[in-house]
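Got a few minutes to poke at a model together? Here it is, followed by some questions and answers.

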Amino acid sequence: MLSKLFFSDKPFLDVPGIHLMRIWDIPPEKMCRQHLLGEHRELHALWSIIANNKKAYAHHPETMRWRGKLKALYLRHEALVEEMTRRGYKHHTPLDPALATGKAVQDEFVDSYEEQVRLLKERGCDCRV
C-alpha cells in the first residue's frame, strides 16, 4: 500500500478513504481546533499548488476537485479565517484575491458530506458533527 513514491504524480498512500491532504466540506464552526488549523495549513498548500501550477500533488484527488475553482477555495479560506478569528487566532497569511478565479461553489467531493461526518466522528476529536 505504501509502494508509491510521494514525489510522483500519484498519492503516496493508495488506501481508499485515506488522503494526505483534505479540505473538508464541514462548516468551520463545527470543526475542532486541530481540524480547523490543519485545514487552513493544507488549504494554503493546495492554493500554492494550483495557483503556481506546481507538479507535486497535481493529481491528488483534493487538487483535482479544486482546479478551476480558486474562487471557491478562496471563499473556503475566508470562512476558515472568520472562524479562526472568532476563536481568538491571529491570521497573517491572506490569499491574493486577484487569483481567486473560476467557480465560486465547490460541487465535487472526494467523500460525500455524510462520509466526511462519519470520518470525523471516527477520529474521536472535538468536532461537533
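A residue is called buried under 20% relative accessible area, exposed over 50%, and partly exposed in between. Keep in mind that this is a predicted model.

Q: Is Tyr 57 buried, exposed or partly exposed?
A: Tyr 57 is found in the loop between α1 and α2. Its relative accessibility is 26%. Since partly exposed is what lies between the 20% and 50% cut-offs, Tyr 57 counts as partly exposed.

Q: Which residue other than glycine in the loop between α1 and α2 has a positive phi near 50°?
A: Tyr 57 has a positive phi too, but that one is about 65°. The residue we want also lies in the loop between α1 and α2, and at 60% relative accessibility it counts as exposed. With phi near 50°, it's Asn 53.

Q: Leaving aside neighbours within four places in sequence, what is Ser 48 in contact with?
A: Ser 48 lies in helix α1. It is buried, with a relative accessible area of 19%, so it falls under the 20% cut-off. Leaving aside neighbours within four places in sequence, its contacts are Asn 53 and Lys 54.

Q: What do the elements of the protein look like from the N terminus on?
A: The protein has zero strands, so there is no E run to place. It does have four helices. From the N terminus on, the elements run α-α-α-α.

Q: What share of the contacts between residues at least 6 apart in sequence joins residues at least 24 apart?
A: Contact here means heavy atoms within 4.5 Å. Take the contacts in the protein between residues at least 6 apart in sequence; the share joining residues at least 24 apart is 68%.

Q: How many of the 129 residues, as a percentage, count as buried?
A: For background, the accessible surface of the protein comes to about 7700 Å², and 56% of that belongs to carbon and sulfur atoms. Buried is a per-residue label, given under 20% relative accessible area. Of the 129 residues, the buried portion is 36%.

Q: How far apart are the end C-alpha atoms of helix α3?
A: Helix α3 covers residues 70–86, which makes 17 residues. The expected span is 1.5 Å times one less than the number of residues, so α3 should span 24 Å. The model agrees with that, as the end C-alpha atoms are apart by 24 Å.

Q: Which helices are included in what covers the buried residues of α3?
A: The buried residues of α3 include Leu 73, Tyr 74, His 77 and Leu 80, and charged-group names such as Arg 76 and Glu 83 turn up on that list as well. Their cover includes α1 (33–51) and α2 (61–66).

Q: Which residue with a positive phi follows α3?
A: Here the phi is near 95°. The residue that follows α3 with that value is Gly 88.

Q: Which residues does Leu 43 touch, not counting those up to four places away in sequence?
A: Leu 43 sits in helix α1, and at 0% relative accessibility it counts as buried. Its C-alpha atom is separated by 9.9 Å from that of Glu 62, 19 residues apart along the chain. Not counting residues up to four places away, Leu 43 touches Ile 23, Leu 73, Arg 76, His 77, Leu 80 and Leu 95.

Q: Is the aromatic pair of Trp 47 and Tyr 74 stacked, edge-to-face or tilted?
A: The count of aromatic pairs comes to one. The ring centres of Trp 47 and Tyr 74 are 6.4 Å apart, and their planes are at 50°. Trp 47 lies in helix α1 and Tyr 74 in helix α3, so the pair ties together parts 27 residues apart in sequence. Stacked needs planes under 30 degrees apart and edge-to-face over 60, so this pair is tilted.

Q: Which ring does the charged end of Arg 22 sit over?
A: The distance from the charged end of Arg 22 to the ring centre is 4.4 Å. The ring belongs to Trp 24.

Q: How many disulfides does a search of the whole structure find?
A: A disulfide needs two cysteine sulfur atoms within 2.5 Å. The sulfur of Cys 32 is 3.6 Å from its closest cysteine sulfur, in Cys 127, which is too far for a bond. For Cys 125 the closest is also in Cys 127, at 3.5 Å, again too far. The number of disulfides found is zero.

Methods. Residues are numbered from 1 along each chain as its sequence is written. This is a predicted model: local features need pLDDT of at least 70, side-chain atom pairs count only at pLDDT 80 or more; totals for chains, interfaces and linings use all residues. Side-chain values use heavy atoms; hydrogens and water are left out. Helices (H or I, at least four residues) and strands (E, at least two) are DSSP runs, numbered from the N terminus. Buried means under 20% relative accessible area, exposed over 50%, partly exposed in between (1.4 Å probe, protein chains only). Rings of Phe, Tyr and Trp (its six-membered ring) pair if their centres lie within 6.5 Å; planes under 30 degrees apart count as stacked, over 60 as edge-to-face and the rest as tilted. A charge sits over a ring if NZ of Lys or CZ of Arg is within 6 Å of the ring centre and within 35 degrees of the ring normal. Accessible areas come from the Shrake-Rupley method with a 1.4 Å probe; for residues, only the protein chains shown count as cover.
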